[in-house]
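Reader: I would like a close look at one part of this model, the charged side chains and how they pair. Please keep it brisk.

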Amino acid sequence: MARSDFPEHDGSLTGSDDERENELENDEFDGESGDEEKRPLNLEVDIQSRSACERHVVVKVSREDIERYFDREFSEMVTSAQVPGFRPGHAPRKLIERRYRKEVAERVKTSLLLDSIQQISEERELAAISEPKFDLESVELPEEGPMTYEFDLEVRPEFDVPTWKGLTIERPVREFTDRDVDVALRNLLSRYGQLAPHDGPAEMGDYISTKLTFTYEGRVISSSPEELIRIRPVLSFRDGKIENFGEAMLGVRAGQTRTAQAVLSQDAPNAALRGKTVVATFEVAEVKRLQLPELTRDLLDTIGGFESEAELRDAVRDNLKRQLEYHQRQRAREQIADVLTASADWELPPDLLRRQAQRELDRAVMELRRSGFSEAHIRAYENELRQNSLAVTAKALKQHFILERIAEDEGIEETEQDYDEEIQLIAEQSGESPRRIRARLEKAGLMDVLRNQIIERKVIDRILAHAKFRDIPWEPESLEAEAVEWAAGGGDKGSELPEAKPEAQTDQHP
């Protein structure tokens with residue numbers, strides 16, 4: 001079955017018989033249910049389009065095919081079947097058929113389902129993006145007449161590939177100065193700094209150790225006994241933000257309590273509070289200030305085995321260039337997406353969007369990690385995506401479908417070297433070995449996310465190779481939002497991706 005690899009296959013075959021469900025899932029509908037030369041099934045198929053991405057399929061399998069599959073099963077069984085009173089393989093076939101018909105019927109049903117779905121996929125060219133959804137237990141193999149069953153399927157929408165050659169793309173450019181390197185180096189050193197108690201009033205950039213409580217209409221909806229939060233203009237949560245956080249916290253001292261209003265997003269996990277304004281209460285236990293370390297030889301070695309400050313500065317400059325490349329790719333991707341999806345007015349199933357929201361988040365985070373961004377920046381970006389998850393996912397899915405089609409048309413594929421290079425870049429940022437990074441991605445089921453990232457980048461590179469560019473100056477943006485791993489309106493799980501190197505509660509932005 002042809003598939004788009006962006007969406008996660010949910011394997012939603014319902015039914016109470018786990019063993020038969022596993023058999024269906026492990027075979028992945030590949031139709032390998034016998035050794036004989038395959039003969040097409042005589043199928044009657046009715047496919048109804050419920051939306052651009054949803055199909056309802058009704059299938060009727062002929063009685064002739066049912067008997068043919070029974071005959072094949074019994075022909076294989078007759079040489080080894082054990083029947084009381086007969087040596088193995090010597091019992092009359094009619095007796096074997098009566099004794100084992102119920103057991104064989106389950107195998108016949110499963111084989112017919114596998115082979116018929118595979119045949120429908122190939123003949124009707126259904127580009128499935130999830131496994132077929134049907135109730136296995138409700139499918140009956142009748143004693144007489146055809147077998148009829150139905151299932152729902154999510155498919156890639158049908159569309160004409162937009163013209164993608166000859167686009168004019170704005171490209172951010174910048175020659176990094178020594179001052180840029182100074183700022184980035186200072187922020188890098190802050191990863192290894194120490195937080196010291198501060199007796200005076202808090203200023204922008206200081207940290208507060210605080211108990212955090214959220215209430216709605218006087219009722220506590222969530223609370224955290226202790227959070228260490230850097231004072232920035234905006235405080236971002238997994239499901240909302242406080243826009244005036246910096247203003248609300250300026251001047252706070254240890255032992256004081258401050259409140260602020262947090263607006264929850266329309267995609268907040270707690271559906272009852274979506275779009276609502278809740279009260280955040282900060283009981284500040286301590287104010288802390290960051291003290292930067294001295295750049296000693298030991299620290300140079302700890303940071304990355306550098307021999308001198310000059311060598312470290314060269315590495316910092318290279319990292320700045322990598323981040324600029326990320327912004328160039330993102331700006332190009334946005335412009336390309338606007339052109340390619342201009343006519344993509346097809347609606348995507350809400351269930352598909354909800355399932356794929358985390359996959360798109362994982363892809364975006366993986367891209368940031370391999371581009372050398374700090375954990376603080378990544379957390380802020382994660383929270384921003386979560387707060388607009390369905391809209392972001394819908395746009396990303398449409399882009400993916402189109403980029404995947406271009407990849408197929410252009411013969412663009414991923415290689416093992418591509419995987420190695422991506423994993424190496426992530427490893428450099430996390431401080432872990434490439435082998436461990438690969439193991440973690442495989443365990444979390446994120447290798448397909450990495451594959452999508454590789455393919456989409458290659459397609460965009462192909463588009464850019466045929467594009468015209470207009471250079472525009474780029475100014476690095478300071479990080480305005482402090483992000484915390486907390487859902488103000490209710491719990492939410494964290495990321496499965498490896499994190500960047502420990503930052504001593506700091507980031508790479510002023």
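Is Arg331 buried, partly exposed or exposed, and what is its relative accessible area? Please start there and work outward.

Author: This is a predicted model. Arg331 has a relative accessible area of 27%. Buried means under 20% and exposed means over 50%, so Arg331 counts as partly exposed.

Now its partner. The side chain of Arg331 forms a salt bridge with that of Glu334, at 3.6 Å from N to O. Glu334 is partly exposed too, with a relative accessible area of 40%. Both residues sit in helix H7, which covers residues 309–340. They are three residues apart there, so about one helical turn separates them. The pair does not stand alone. A network of salt bridges links Glu170, Arg331, Glu334 and Arg470.

Why can such side chains pair? Side chains of opposite charge can do so when their charged atoms come close. In this model the count of salt bridges comes to 32.

Take a second pair within a helix. Glu67 and Arg63 meet through their side chains in a salt bridge of 2.8 Å, N to O. Helix H2, residues 63–77, holds both. They lie four residues apart, about one turn of the helix. Their accessibility is split. Glu67 is partly exposed, at 37% relative accessible area. Arg63 counts as buried, at 17%.

A third pair spans the sequence. Glu482 and Arg232 form a salt bridge between their side chains, at 3.3 Å from N to O. Glu482 belongs to strand S13 (residues 481–483), while Arg232 is in the loop between strand S7 (219–230) and strand S8 (234–236), so this pair ties together parts that are 250 residues apart in sequence. Glu482 and Arg232 are both buried.

Back to helix H7, which also helps to line a cavity. The structure holds one cavity of 30 Å³ or more. The largest cavity has about 120 Å³ of space. Its lining is made up of Arg329, Gln330, Arg333, Arg363, Glu367, Asn452, Gln453, Glu456, Arg457, Ile460 and Asp461. Three elements give two or more residues each: H7, helix H8 (350–370) and helix H13 (447–465). H13 supplies the largest share, six residues. By type, the lining has seven charged residues, three polar and one nonpolar.

Two buried polar side chains are left. Glu154 is in strand S3, residues 147–154. Its relative accessibility is 4%, and the cut-off for buried is under 20%, so Glu154 counts as buried. Its side chain makes a polar contact with the side chain of Lys133, at 3.4 Å. Glu154 also touches residues far from it in the numbering, including Cys53, Ala127, Pro349, Leu352 and Arg355.

Thr210 is the other. It lies in strand S6, residues 207–216. Thr210 is buried, with a relative accessible area of 1%. Its side chain reaches the backbone oxygen of Glu283 at 3.1 Å. Beyond residues up to four places away in sequence, Thr210 touches Pro225, Glu226, Glu227, Ile229, Phe282, Glu283, Val284 and Ala285.

To return to the start: Arg331 is partly exposed, and Arg331 belongs to a network of salt bridges with Glu170, Glu334 and Arg470.

Definitions and conventions
Residues are numbered from 1 along each chain as its sequence is written. This is a predicted model: local features need pLDDT of at least 70, side-chain atom pairs count only at pLDDT 80 or more; totals for chains, interfaces and linings use all residues. Side-chain values use heavy atoms; hydrogens and water are left out. Buried means under 20% relative accessible area, exposed over 50%, partly exposed in between (1.4 Å probe, protein chains only). A polar contact is a pair of N or O atoms within 3.5 Å; within protein, one must be able to donate a hydrogen and the other to accept it, and residues adjacent in sequence count only if both atoms are side-chain atoms. Contact means heavy atoms within 4.5 Å. A salt bridge is a side-chain nitrogen of Lys or Arg within 4 Å of a carboxyl oxygen of Asp or Glu. On a 1 Å grid over the protein atoms alone, a cavity is a set of points where a 1.4 Å probe fits but cannot get out, and a pocket is an open set with protein on both sides within 12 Å along at least five of seven lines; lining residues have an atom within 4 Å of a point. Grid points are joined across faces, edges and corners, and a volume is the space filled by probe spheres set on the points. Ala, Val, Leu, Ile, Met, Phe, Trp, Tyr, Cys and Pro count as nonpolar, Asp, Glu, Lys and Arg as charged, and the others, Gly among them, as polar.
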